[in-house]
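Student: I would like to go through how the labels in this model are justified. Can we take them one at a time?

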Amino acid sequence: MSLKIRLARGGSKKRPVYRIVVADARSPRDGRFIEKIGTYNPMLAKDSESRVVIDLEAAKNWIAKGAQPTDRVLRFLDAAGIVKRAPRNNPEKAVPGDKAKERAAKKAEKAGEAA
């Protein structure tokens with residue numbers, strides 16, 4: 001059984017509140033979970049202490065048992081000092097696609113002919 005430490009959404013429309021839960025990876029986002037280990041309220045200020053509340057001991061225990069945190073939860077655990085999150089870098093993200101390169105080449109060709 002593959003376990004995930006992830007967010008489960010609650011709250012009303014446009015006012016989200018998330019529970020940080022340990023759940024089977026096959027269960028739905030807001031569905032069945034094994035244990036609630038914290039909360040995350042993105043509506044609070046970033047410097048507020050109650051924005052992210054995690055039971056650190058429970059998180060350590062579940063990670064030791066093999067639970068994999070999602071990227072967002074991994075950010076919270078990294079900020080708490082439990083797990084180290086490797087920084088990500090995608091230099092190919094800014095490179096234009098094939099179609100855009102073709103359009104740019106045609107535009108440059110037309111500009112060369114006009115000059």
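Tutor: What follows is a set of questions on a predicted model, each settled by a value and a cut-off.

Student: Why is G81 called exposed?

Tutor: Exposed means over 50% relative accessible area. G81 has 61% relative accessibility, so G81 counts as exposed. G81 lies in the loop between helix 2 (71-80) and helix 3 (98-114). From G81 to K60 the C-alpha distance is 11 Å, with their positions 21 residues apart in sequence.

Student: How do you know that R51 has no salt bridge?

Tutor: A salt bridge needs a side-chain nitrogen of Lys or Arg within 4 Å of a carboxyl oxygen of Asp or Glu. For R51 the nearest side chain of opposite charge is D47, at 7.9 Å, so the cut-off is not met. R51 is nevertheless buried.

Student: What makes the link between R51 and Y40 a polar contact?

Tutor: The cut-off for a pair of N or O atoms is within 3.5 Å. The side chains of R51 and Y40 are joined at 3.4 Å, and the pair therefore qualifies.

Student: Where is R51 found, and which residues does R51 touch beyond four places in sequence?

Tutor: R51 is in the loop between strand 3 (35-40) and strand 4 (52-54). Leaving out residues up to four places away in sequence, R51 touches T39, Y40, N41, P42, L44, A45 and K46.

Student: What makes strand 1 and strand 2 a pair?

Tutor: Two strands pair if there are at least two bridges between them. Strand 1 and strand 2 have ten, in the antiparallel sense, so they pair. K4 stands opposite A23 in strand 2, and G10 stands opposite V17 in strand 2. Two residues separate the strands of this hairpin, and K14 takes a positive phi near 65°.

Student: How many bridges join strand 1 to strand 5?

Tutor: Two bridges, in the parallel sense. The requirement is at least two, so strand 1 and strand 5 pair. In strand 5, Q68 is the bridge partner of K4.

Student: What joins strand 2 to strand 3?

Tutor: Five bridges do, with the strands running antiparallel. Y18 stands opposite Y40 in strand 3, and V21 stands opposite K36 in strand 3.

Student: Why are strand 4 and strand 5 called edge strands?

Tutor: The open sheet has five strands in the order 4-3-2-1-5, with mixed pairing. Strand 4 and strand 5 (68-69) each pair on one side only, which is what the label records.

Student: Which helices pack on the sheet?

Tutor: Helix 1 (residues 56-64) packs on the sheet and touches strand 1 (3-12), strand 2, strand 3 and strand 4. The direction of helix 1 makes about 125° with that of strand 3. Helix 2 also packs on the sheet, touching strand 1, strand 2, strand 3, strand 4 and strand 5. The direction of helix 2 makes about 100° with that of strand 1.

Student: Is strand 2 mostly covered or mostly open?

Tutor: Mostly covered: seven of the ten residues of strand 2 are buried, each having under 20% relative accessible area.

Note on methods
Residues numbered from 1 in each chain as written. Predicted model: local features only at pLDDT ≥ 70, side-chain atom pairs only at ≥ 80, totals over all residues. Heavy atoms only, no water. Buried < 20%, exposed > 50% of the residue type's maximum accessible area, 1.4 Å probe, protein only. Lys, Arg positive; Asp, Glu negative; His and termini not counted. Polar contact = N/O pair within 3.5 Å; in protein donor to acceptor, adjacent residues only side chain to side chain. Contact = heavy atoms within 4.5 Å. Axes fitted to C-alpha atoms, helices over the stretch in contact; angles between N-to-C directions.
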